[in-house]
Amino acid sequence: MNSGSGIQELMAAETRASQIVAEARIARGDRMKQAQTDADGLIAAYRLEQEDAFDKAARMSGGSGGESSAKLQAETNKDIQGMQGLFTKNAQKAVDVLLSKCCEVSLEVPTARIRSTQKLYGQ
């Protein structure tokens with residue numbers, strides 16, 4: 001009878017151990033979720049702080065409008081017009097080069113290819 005009760009005690013201990021492990025897993029998951037929530041809050045606070053600092057620095061240096069913005073826009077437009085002019089000027093040259101390369105087909109078979117084909121077909 002002792003061996004029967006010993007086995008029952010082992011099974012009960014195993015059941016308790018599996019319950020403890022399951023509870024530990026659940027607790028770990030809860031801790032991970034809480035840590036993620038806390039981290040998200042910290043990140044949001046830090047992001048807000050940095051955005052405020054950036055906005056303040058932008059206002060101190062002249063803001064997003066004004067003379068410097070107009071000057072930058074004018075330079076950008078000038079560069080765009082220059083690039084469009086170069087495109088228009090060189091577009092036909094590019095097409096001609098591409099067409100010439102497409103039409104240049106070499107009909108010579110390399111000697112290495114000839115030899116490999118001969119070996120393959122036993123000639």
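Biologist: Why does helix H3 lie largely in the open?
Modeller: Helix H3 covers residues 111-121, and of its 11 residues the number buried is zero. Buried would take a relative accessible area under 20%, so with a count of zero H3 counts as lying largely in the open. Bear in mind that this is a predicted model.

Biologist: And what follows H3?
Modeller: Gly 122 does, and its phi is positive, near 70 degrees.

Biologist: Let's zoom out. What makes up the secondary structure of the protein?
Modeller: Three helices and zero strands. Read from the N terminus on, the elements go α-α-α.

Biologist: How do you know that the protein is more spread out than a compact globule?
Modeller: Set one radius against the other: for 123 residues the globule rule gives 14 Å, but the radius of gyration here is 38 Å. That is well over the rule, so the protein is more spread out than a compact globule. Along the principal axes, its C-alpha trace spans about 100 × 80 × 15 Å.

Biologist: What share of the residues counts as buried?
Modeller: 0% of the 123. The accessible surface comes to about 11,600 Å², and carbon and sulfur atoms own 60% of that.

Biologist: Take Gly 6, then. Why is Gly 6 called partly exposed?
Modeller: Gly 6 has a relative accessible area of 26%. Partly exposed runs between the 20% cut-off for buried and the 50% cut-off for exposed, so at 26% Gly 6 is partly exposed. This glycine sits in helix H1, which takes in residues 2-60.

Biologist: How far is Gly 6 from Asp 52?
Modeller: Their C-alpha atoms are separated by 68 Å, with the two positions 46 residues apart along the chain. Asp 52 is also a residue of helix H1.

Biologist: What makes Asp 52 partly exposed?
Modeller: Its relative accessible area is 46%. Exposed would need over 50%, so Asp 52 stays partly exposed.

Biologist: Which residues form the negative surface patch?
Modeller: Asp 52 again, with Glu 49, Glu 51 and Asp 55. A patch residue needs over 30% relative accessible area, and the 46% of Asp 52 passes that mark.

Biologist: What about charge over the whole protein?
Modeller: There are 16 positive and 16 negative side chains, and the centres of the two sets lie 10 Å apart.

Biologist: How do you know that Asp 38 is partly exposed?
Modeller: Asp 38 comes out at 39%. Buried ends at 20% and exposed begins over 50%, so Asp 38 is partly exposed. Asp 38 lies in helix H1; from its C-alpha to that of Ala 13, 25 residues apart along the chain, the separation is 37 Å.

Biologist: Why does Asp 96 get the label partly exposed?
Modeller: Its relative accessible area of 41% falls between the two cut-offs, so partly exposed is the label for Asp 96. Asp 96 belongs to helix H2, residues 67-103. The C-alpha atoms of Asp 96 and Met 32 are 63 Å from each other, with the pair 64 residues apart along the chain.

Definitions and conventions. Residues are numbered from 1 along each chain as its sequence is written. Side-chain values use heavy atoms; hydrogens and water are left out. Buried means under 20% relative accessible area, exposed over 50%, partly exposed in between (1.4 Å probe, protein chains only). Helices (H or I, at least four residues) and strands (E, at least two) are DSSP runs, numbered from the N terminus. The radius of gyration is taken over C-alpha atoms; the globule rule is 2.2 Å times the number of residues to the power 0.38. Accessible areas come from the Shrake-Rupley method with a 1.4 Å probe; for residues, only the protein chains shown count as cover. Lys and Arg count as positive and Asp and Glu as negative; His and the chain ends are not counted. The place of a charge is taken as NZ of Lys, CZ of Arg, CG of Asp or CD of Glu. Patches are made of residues with over 30% relative accessible area and no salt bridge: like charges are joined within 9 Å, nonpolar side chains (Val, Leu, Ile, Met, Phe, Trp, Tyr) within 5 Å. A salt bridge is a side-chain nitrogen of Lys or Arg within 4 Å of a carboxyl oxygen of Asp or Glu.
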